[in-house]
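Visitor: I would like a close look at a single part of this protein. Please take me through one strand and its surroundings.

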Amino acid sequence: MRVGIIGGGVAGLAAAYHLTKQGHFAEVLEQAPFLGGQASTFDVFGGRLERGYHHLFVSDTDMTELIHELGLGDGLAWLESSVGFFHGGKVWDFATPLDLLRFKPLSVAQRIRVGIWTLVLQKTRGYRKFENVTAKDWLISHMGRMGYQVIWEPMLRGKFGESHDRIGMTWIWCKVRLRVASRKGAGQRERLGYPMGSFGEVIDVLAQRIGEQGGVVHTSAAVSQIVESEGSATALDVALDGAQSERREYDAVIATTPSYVFTRLAPPMPKEYQDKLERIKYLSAVLMVLVLDRQFTDKYWLNIADPDMPFVALIEHTNLIDRKLYGGKHILYISNYPSRDSDMYRKSAEELMDLFVPHLQKINPDFDRSWVIEYHHHRVDGAQPIVGVNYAAGIPDHRTPLKGLYLANTTQIYPEDRGTNYSVRMGRQVAQMVMDDGPA
Ligand SMILES: Cc1cc2nc3c(=O)[nH]c(=O)nc-3n(C[C@H](O)[C@H](O)[C@H](O)COP(=O)(O)OP(=O)(O)OC[C@H]3O[C@@H](n4cnc5c(N)ncnc54)[C@H](O)[C@@H]3O)c2cc1C
């Protein structure tokens, strides 16, 4: 079969890898001048760094297996992470169950209550019972209002901004289970995985294998239309390297773009399917990456539980990964998930720096702008689907109503949330569906 794949992120490349491994022809069309989509990298002082922080959990077995299959297993390191919680002007350790017991912003009774119910969540199998309740309602009724306001609400606000009180409880349940699966040993410290050549190297080798297996991977290849003929998807209109659009014919098409891009490319869909595509909204990610001449804190991951701070998490990459990879420099991500029409999304790098620096000084009073050697600003659209209640029922099928047209994007990853691991799994599954169905 000849399969056209829109998008050269992890899902598109994983699908192409699987198809070409089974002897089919796959052509990946990526509109950006680089591969990797949300997991793409850029160069920093001789090293490759993800535009948005990236790591793997121990539960990310599909990605881990792929890395080994690509011959990059020796470079996959599993490292102890350090997690903190910025609350009330202080950084609290927040990596182990013991840390929760020592967390003074909650009373002893509140800490025990939060601990017990977190344990219950970890032990609960299956998410269906959480489907029709918001995280806010469930957490308040089980862990108490203070437990919710101090611990969970900042986390939900951090990921979902104004939509935080609409998020389904399934999302929290899954996060808790996956985080715990990454804890090892008596101290229950979390271990995170990182391919030491960066996720960019994994993506490059994946693309190279697709080529060796007979496929083709294009960058700077923007698809403008999915072409329908006699009830089937038969071709794509694509402009390669800014040239005039040309039509390429396929037996099947896999789209890995966000749903709001898919609806622009695809012919009109029946109402029920179209509604599903439109119902799930996304947030963008806005990242500032600071290259520093010294360490900012000793935490890899610092949750910011102060609503007056203009960012939701600080990820100090070089507290997990050896800074030798980046010429000895320290790397600090400042993270936000705003909507595309927000002020935060529109701000320039310089405006964000002016906004952030005084707040960084609240966390580390010694911090001075002179520590910043350089900074990078990245916006990622369609970064985070907003996962509301009864989400499962509204997920669009991978097989679209148009024969030969398949959709594989992050809104369809459930109950787990988006992640490279699940894009690998989804890419492979959808490729298998295409082969099972045969030419349209
Ligand atoms: C800030 C941030 C942090 C993250 N941290 C982690 C982490 O720690 N661990 C982890 O595993 N995952 C993490 N993720 C999630 C992970 O990166 C994504 O889930 C995954 O990379 C999604 O891959 P995808 O292929 O499904 O989608 P995408 O990466 O979005 O790929 C879709 C591709 O389609 C292309 N495209 C769109 N329209 C067109 C068109 N018309 N023509 C051609 N191409 C088109 C886009 O340019 C894009 O490259 C993070 C994401 C973000 C944003």
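Which strand do 10 bridges join to β15, and do the two run parallel or antiparallel?

Guide: Keep in mind that this is a predicted model. The partner is β19, residues 372-385. It is joined to β15 by 10 bridges, and the two strands run antiparallel. One facing pair in this pairing is L283 and Q384, the latter in β19.

β15 has another pairing as well, with β18, residues 330-336. Seven bridges join these two strands, again in an antiparallel run. Here M288 of β15 stands opposite I334 of β18.

Now the burial. β15 spans residues 282-292, and 11 of its 11 residues are buried. Buried here means under 20% relative accessible area. In a regular strand, side chains alternate between the two faces of the sheet. Take the faces of β15 one by one. One side carries Y282, S284, V286, M288, L290 and L292. The other carries L283, A285, L287, V289 and V291. Both faces are covered, with every one of these residues buried. The residues named in the pairings sit on opposite sides: M288 on one, L283 on the other.

A last stop is the second largest pocket, with about 690 Å³ of space. Its lining has 28 residues, and those closest to the centre are R157, G161, E162, V312 and N336. Two elements give two or more residues to this lining: α6 (145-160) and α11 (343-346). α6 gives the most, with seven residues. By type, the lining divides into 14 nonpolar, eight polar and six charged residues.

Notes:
Residues numbered from 1 in each chain as written. Predicted model: local features only at pLDDT ≥ 70, side-chain atom pairs only at ≥ 80, totals over all residues. Heavy atoms only, no water. Buried < 20%, exposed > 50% of the residue type's maximum accessible area, 1.4 Å probe, protein only. Helix = DSSP H or I, 4+ residues; strand = E, 2+ residues; numbered from the N terminus. Pairing = 2+ DSSP bridges. 1 Å grid on protein atoms, 1.4 Å probe; cavity = no way out; pocket = protein on both sides within 12 Å on 5 of 7 lines; lining within 4 Å. Points joined across faces, edges and corners; volume = space filled by probe spheres on them. Nonpolar A, V, L, I, M, F, W, Y, C, P; charged D, E, K, R; others polar.
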